[in-house]
Each structure stands twice: as structure tokens, then as C-alpha cells.
Amino acid sequence: MTLRHIIALFAVAVMATGAQAAKPKKTKKAAKAQAEAVDTISTAEFSYAMGVANTNGLLPYLEQRMGIPAAYMPDFLQGFAQSELTPADMRQKARLAGIEMRQQVMTQGLQMVNRQIGDSTVCVSDSLFLQGFTDALAGRSPITVDSANIVTSHQLDYYRHAKAEREYGDNRRTGEAFLKANAKAKGVKVTASGLQYKVLTEGNGPVPTATQRVKVNYEGRLVDGTVFDSSYQRNQPATFAANQVIRGWAEALTMMPVGSKWELYIPQELGYGDRQSGKIPPLSALIFTVELLSIE
């Protein structure tokens, strides 16, 4: 328990004592008569009792939060009796912190990396992971932390893409085939990014900028016709900034005049890519009917 916790407990005890002692205001004469009648204790007895009261909850805290069993209470009390840490104590404190950090790194950090990779054929070497960790802290790593972050971020992206392709590659191929055929359909236009759209109703209002908030009605479908979201079904239009949606939507919204109703055909790379989003599987091409109601 830190000094801050101890002070907090002390404050609680003082407030509780004060709350019990609080009485309505009386006249000076009545107050004097009452003071003479109070049965109190000496400063010594009060001080000792306050010390005992402030241990309330300390034993469970030490055991459950700090990992110090009751059997080691004599060692805790020996430390409590010291007014400051000695150099030997500081070395011991640093060593214990290292042990605790090692446990966290191995059970949380390394396991999290392996879960992100999610592939039994690819693994992170425990020994090299720990060597990189310790070399960086010791100041002897041949690469900087910033460089390491760039390398690992790119590699994790690669692992994620590869995993998605193995598991959901059929979605990508199905979407690409659909979009290839759809690009030749009557009324369908294709932008430089690969976004396809068809104007169902041409509005004559203003065109939103990327940062403006818009109100829309929409329905989203997979290429097999499965509806995964619909504001029409909820009978409640959606409102959001034009640049706070997937890239395909953001591009279309900044081309649509208010009052327009378009059908969008969005390649997976302009949608959610290799991420699962609700009922949308990774690598899925998407179809949206979008009606731009207003600029908020």
C-alpha cells in the first residue's frame, strides 16, 4: 500500500469520526455544559486507536493486490519500521520489479502477439523476444524503438492479411468477379479508386464536404443479397460526418447532391478489408443503397 492509500484511509477514518461527532449548533452555555459531560479518552489512547483503525482492509489488500501473504508480515513490518530505502533495498526493489515485469511480458505481451498472428505455423521466438526486450532497456539494441515499431506493425499487417486470405479468400474472389461484371452494367459508373455507383435519383441540393455532417437512409447488402444493416428497417436515419465512414462511402458522399439516392458497389479494399465488422465477413465487397437526406 502506498503512502497515498494510507493517507486516504486515514482521511476516511477521520471523516467517519467527525460525522459521528457532528451535532446541531447550540448556545455557548449549552455547549459548555455538554463539553463537561462528554466521556472522552486521552490523546495517547486516541492516537493508538486511530492507528489500529487505519489498518482496516490492509491485510486483504497486501495479499490480494500486492501478493504479500500473511506469513511474510514480519518482513513487511520490518520495512514499515524503516524511514527510507537503503541502496540494498533499492536494488531489491528493482529486482522484484524485473521479476514482475517478466511475468507480465510473457503472459500478456507475448501471448497477445501470438493471438494477433493467430497462426500455428508462425511463432515468435521467446528467447529472441526477451533478448530484444532486454537489449532495448540496456541501451544496446542495434535498432531504435521507433524503427522496431514500424517493422513489427508492417509484419503484423502481413500476418493478418495472410490469415484473412487463407480463411476468406473466396469472399475476395467472389467480390472481384461480381464487380468485374457489374462494371459493364447499364448506368454503372466507376471512379479511379474502383468505387462503382449508379444514380437512382439525382438530387439538386448542395454536395457535402468531407468534414460536414450528413443525414442518410441506407441499406447494406453482401453480393449474395444478404442484408446486414438497414436504417429503413429501423425507421431511423443515420447522422455522421462524411469522412467518418468507410472509404467507399466517404468518396460517394462527397460527390452526391442532397436529395440523391445512389447504389454503391464497394470493393473490399474500400470497405472493411480483412477486418470482420459485425455481420460483414472479411474481404467482402459491399452493396449499399444510400439516400442523402440533408447536410446537418
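Glu-263 counts as buried, at 14% relative accessibility (buried is under 20% relative accessible area, exposed over 50%, partly exposed in between, with a 1.4 Å probe and protein chains only). The side chain of Glu-263 meets that of Arg-221 in a salt bridge, 3.0 Å from N to O (a side-chain nitrogen of Lys or Arg within 4 Å of a carboxyl oxygen of Asp or Glu). Arg-221 sits in strand E3 (residues 213-222) and Glu-263 in strand E6, so this pair ties together parts 42 residues apart in sequence. Arg-221 is buried too, at 17%.

A word on the basis: this is a predicted model, where local features need pLDDT of at least 70 and side-chain atom pairs count only at pLDDT 80 or more, while totals for chains, interfaces and linings use all residues. Residues are numbered from 1 along each chain as its sequence is written, and side-chain values use heavy atoms, with hydrogens and water left out.

The structure holds 11 salt bridges. Here are some of them:

| Pair | Closest N to O distance |
|---|---|
| Arg-140 and Asp-135 | 2.6 Å |
| Asp-157 and Arg-160 | 2.9 Å |
| Arg-221 and Glu-263 | 3.0 Å |

Arg-140 is exposed at 54%, whereas its partner Asp-135 is buried at 12%. Asp-157 and Arg-160 are 3 residues apart in helix H8, so about one helical turn separates them. Both ends of that bridge are partly exposed: Asp-157 at 27% and Arg-160 at 34%.

Now for H8 itself (residues 145-182). Straight, its 38 residues would span 56 Å at 1.5 Å a residue, but the end C-alpha atoms are only 47 Å apart (the expected span is 1.5 Å times one less than the number of residues). H8 has a kink of about 80° centred on Tyr-168, the bend being the angle between axes fitted to the seven residues ending there and the seven starting there. Buried residues in H8 include Ala-164, Gly-169 and Gly-175. Strands E1 (188-190), E2 (196-201) and E6 (261-266) are among the elements covering the buried residues of H8.

Over in strand E5 (residues 238-241), Ala-241 is buried at 6%. Leaving out residues up to four places away in sequence, Ala-241 touches Ala-210, Thr-211, Gln-212 and Arg-213 (contact means heavy atoms within 4.5 Å).

Overall, the protein chain has 10 helices and 7 strands (DSSP runs, numbered from the N terminus: helices are H or I with at least four residues, strands E with at least two). Buried residues make up 25% of its 296 residues.
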